[in-house]
Amino acid sequence: MNTPRVATIAEVADAAGVSRATVSRVMNGRSTVRADLAARVRAVATELNYSPSTVARSLSLGRTQTVALLVPDLSNPMFQQILRGANQAAARDSYRVLVADSIEDPGRELELALEARRRCDALILCSPRMPDADLAQVLATAAPVVVVNRDPEDASVPVLSVDYADGIRTLTQRLIKLGHTRFIYLAGPESSTSNTVRLRALRALEGENPQISIRYEPCGAMIEDGYAALDAVLGSRATAVLAYNDLVAFGLLGKLNESGVDVPGDISVVGFDDIAFARYATPALTTMAVPQAELGRQAWEQLHQLILGGGERPSLYFRPRLVERASSGPVPRERSGPAAEVTGAEAPATPAAPGVLLWSRDDEVGVLGVDGLELARYERHAAMPDVHAPRPYLHPIYTLAGTMLTEQSPVDHRHQYGLSLAVPAVNGTSFWGGRTFVRGAGPTLLENHGTQVPHDLTLTGATLSEHLVWHSHEGEVLVEEDRTLTAAARPGADGWQLSWRSDLRAARALTIESPATSGRPGAGYGGIFWRFPVGGPARLLVADGEGEDAAHGSTSPWLAVSRAGEEGAWTALLIQGPAVRPWFARAGDYLGVGPALAWDTPLTVAEGADLPLELHALLVDRVLDRDEIEALLPGLPGVH
C-alpha cells in the first residue's frame, strides 16, 4: 500500500507564488498576511496535501499546542470523565491533552507534574494528593496551572472545586430522614483533600444530631477496597454505609450480594460521584452527582485564558446533586425495635390503638404516619433504570407493630417494587419492567419500557391523590390516570386498612396483555401487584380453598396472605372490590399477589373509555384464620 506523498513548505510557496515565511505565517494563523494571499496559500496547501510540521510549528510559535492533565488514578471513571471533558474542549481550540497518572502515589506527583509541564504548554492538576510543600513548588515553577479539587495557599491560581462537605451532609441528612441513626463511613485515601473535607463535615453533623453515630473506617478508593470492607461493615451494626466514592460502593455491593445481605432491606449503601455505571449497579446506586465532564471543560477554559495571556481567573465551585436510587431505603424497623419512630427511638413492642392516620410530604415522597410512626412511603419519582419501567410505588408498608410487608427490587425480580400498578403490555409497551414474553421466543429483553409520570400530588388527611400520565417507550401518551390512596385505622381488627383506587382513561384504543395471552400458561399477571418480602413459608387463603394452587386463578373476592416467623406474625387481607378478576398468586419462588387484568385473554379498552381498578388491604399483626376473616369482611370496604 503506497502512502500519499506530503508536499514540502517550499513546494507550497512555489505553487502559490509566495515566500516560505508567508506560508508559515498563514499556516500558523498569523493575521499579518493579506486575506487574498492567505486564501490562495490555504487552497494550494489543501491541493498538495501539505501539513505543517508539528515540531517546526512549535518552535515557531514557542508552543506545543498540548497541555498536561495529572490525575491520581486514571482507572477511576470519575477522572476519565474529567479528562474527556477537558480533551473535547481543548480539541475545539486545536490543543491536545496528554495525561499522566500517579497511581495514587503522592510521592510521584511532584516529579510527574514538573516533567509533564516541561513537555507541554500548561498543566491541569486534578485532585492532587501531593503534600502542600510540593504543590506550592509546582505552582511556583510550572505556571500556567489550573487546580481541580484542591485549595492551594496561592490564591492567584484558578481552582475548580466540588462542595464535598455539602454533598456528604445532603446524603447523610437524607438517610437520617429515612430513619437511619447508625452509619459507617468507608473513608478514602488519607492524602485525598475531598476525603478530609467529608470527614470534617460528618463529624460536624454528628455534633448537630446527637441521636446518630458514625463509625469511620479506613478503606480506599477502589472496587477491591469496598469488596474487602464487608466484615467492618457488618461488625459496625450500621444500617447505612457512606462510601467514599461509587467504586468503593460497587465493591461492597458485590460482596453483600455474594453474602446474601439484602440491600436496602438489611442495609442501605450510598456512594459519591454518580459515575456512568452507578445506575446499572445491583441494586442501582444512590449517590451524589458531580458534573465530571463539566469540570474538565471548565478547567480547559480557565487554562486556555491563562495561555492566551489573560489575567487572574476566578475560582469556580460546583454543588453536587442527590440522585436517589434503589440501594437506599428506610431503616429496617426490626433493627430499631418494634414500631420504632422515624427518629429511631424505641417504642413498646405491642402497639396501642392507633390514632389518626395522615399523609404528609417529604420532598417528592408521600409519607403515611400515625402517632409519630411511619406506616408507608409512596415514592413518586422513583429512581429506577428505564428497563424497570419507572413508576410510583409504595414501599415500605408496615404493620402497626413495625413488620415490613413489601419488598423493593429484590434479587429474584429486580423490576418488582413494593405495591405498584404494573402491567406487562399496553399496546406493546411494558409497564411491568424486565423481559417481555414473546411467543415462540420466550422471555426477551426488548426496548419497550414505558414510564408512569406523576403530576399534581394532593394530600388531604388520610387521602393521597395524584394524576399520572403513562408514556410509551417512544413517548406517546397511552393512559391518563387518577390515583387515590386512602388509609384508615381498624381498631376492631387491631390493624389498619389501605385502599388503592386507580381510574384509567384510554388516550387511544388500548390492548392490555400478559405473558399468558402470548402463550405462557398461568402467567396472567399484571395490574395492582403486591410484592411481599422474602421470608419463611407463607399461607394463602381464598374463599374457596387454601394454598397457591387454590389461590392462583381464583375469582374469590378476597385473598389472605399470612406468615409467622422471626419477624413476627402478620396477615394482609386483600379485597378486590366490585370488579372481581382472577388472582395471580405466587408463594413458592417468591411471594407476590394481585388481581390480573389479562388473565388468559387480552383486555381491550376503547379510546376515551374508563377502566376502574381497586384493591383494599387490611393489615394485622397476627395470622387470621378463615373464621376471623369471614367475621371481619362485612365491615371492610370493597366487600359486596
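Contact, as the word is used for Q292 below, means heavy atoms within 4.5 Å. The structure described here is a predicted model, and the briefing turns from the surroundings of Q292 to salt bridges, strand pairing, aromatic rings and cysteines. The count of salt bridges comes to 31, the structure holds 10 aromatic pairs, and the count of disulfides comes to 0.

**Surroundings of Q292**

- Q292 is found in helix α13, which spans residues 292-307, and with a relative accessibility of 7% Q292 counts as buried.
- Leaving aside residues up to four places away in sequence, Q292 touches P77, M78, Q81 and I82, and also D273, D274 and I275.

**Salt bridges**

- A network of salt bridges links R174, K177, E324, D362, E374, R377 and E379, and two pairs drawn from these residues are described in the next points.
- Within that network, the side chains of R174 and E324 meet in a salt bridge with an N to O distance of 2.9 Å. Because R174 lies in helix α8 (residues 164-177) while E324 lies in the loop between β12 (321-323) and β13 (358-362), the pair ties together parts that are 150 residues apart in sequence.
- The two partners are covered to differing classes, since R174 is buried at a relative accessible area of 7%, whereas E324, at 25% relative accessibility, counts as partly exposed.
- R377 and D362 also meet through their side chains in a salt bridge, here at 3.3 Å from N to O. This pair links distant parts of the chain, with R377 in strand β15 (residues 373-379) and D362 in strand β13, 15 residues apart.
- R377 is buried, with a relative accessible area of 0%, and D362 counts as buried as well, at 10% relative accessibility.
- A further salt bridge is formed by D494 with R622, whose closest N and O atoms are 3.7 Å apart. The link again runs between distant parts of the chain, from D494 in the loop between β23 (477-490) and β24 to R622 in the loop between β34 and α15 (626-632), 128 residues apart.
- For R622 the relative accessible area is 26%, and this residue is therefore partly exposed.

**Strand β34 and its partners**

- Strand β34, which covers residues 610-620, is mostly covered, with 9 of its 11 residues buried.
- Strand β24 (residues 495-506) runs antiparallel to β34 and is joined to β34 by 11 bridges; as one position in this pairing, Q497 stands opposite L618 in β34.
- Strand β30 (residues 568-575) likewise runs antiparallel to β34, with 5 bridges joining the two strands, and the bridge partner that L574 finds in β34 is A617.

**Aromatic rings and charges over them**

- Among the 10 aromatic pairs of the structure is the one formed by Y393 and Y417, which is tilted, with 5.1 Å from centre to centre and 45° between the planes.
- This pair links distant parts of the chain, as Y393 belongs to strand β16 (residues 393-397) and Y417 to the loop between β16 and β17 (419-426), the two residues being 24 residues apart. Both Y393 and Y417 are buried.
- Elsewhere, ring pairs link W432, Y525, F529 and F584 into a cluster.
- Two arginines are placed over aromatic rings: R198 lies over the face of F272, at 4.6 Å from the ring centre, and the charged end of R203 sits over the ring of Y216, 4.6 Å from its centre.

**Cysteines**

- A disulfide is a covalent bond between the sulfur atoms of two cysteines, and the count for this structure comes to 0 disulfides.
- With a cut-off of 2.5 Å between cysteine sulfur atoms, the case of C120 is clear, because its closest cysteine sulfur, in C126, is 16 Å away and thus too far for a bond.
- C120 counts as buried at 5% relative accessibility, whereas C219 is partly exposed, with a relative accessible area of 21%.

Definitions and conventions. Residues are numbered from 1 along each chain as its sequence is written. This is a predicted model: local features need pLDDT of at least 70, side-chain atom pairs count only at pLDDT 80 or more; totals for chains, interfaces and linings use all residues. Side-chain values use heavy atoms; hydrogens and water are left out. Rings of Phe, Tyr and Trp (its six-membered ring) pair if their centres lie within 6.5 Å; planes under 30 degrees apart count as stacked, over 60 as edge-to-face and the rest as tilted. Helices (H or I, at least four residues) and strands (E, at least two) are DSSP runs, numbered from the N terminus. Buried means under 20% relative accessible area, exposed over 50%, partly exposed in between (1.4 Å probe, protein chains only). A charge sits over a ring if NZ of Lys or CZ of Arg is within 6 Å of the ring centre and within 35 degrees of the ring normal. Two strands pair if DSSP finds at least two bridges between them. A salt bridge is a side-chain nitrogen of Lys or Arg within 4 Å of a carboxyl oxygen of Asp or Glu.
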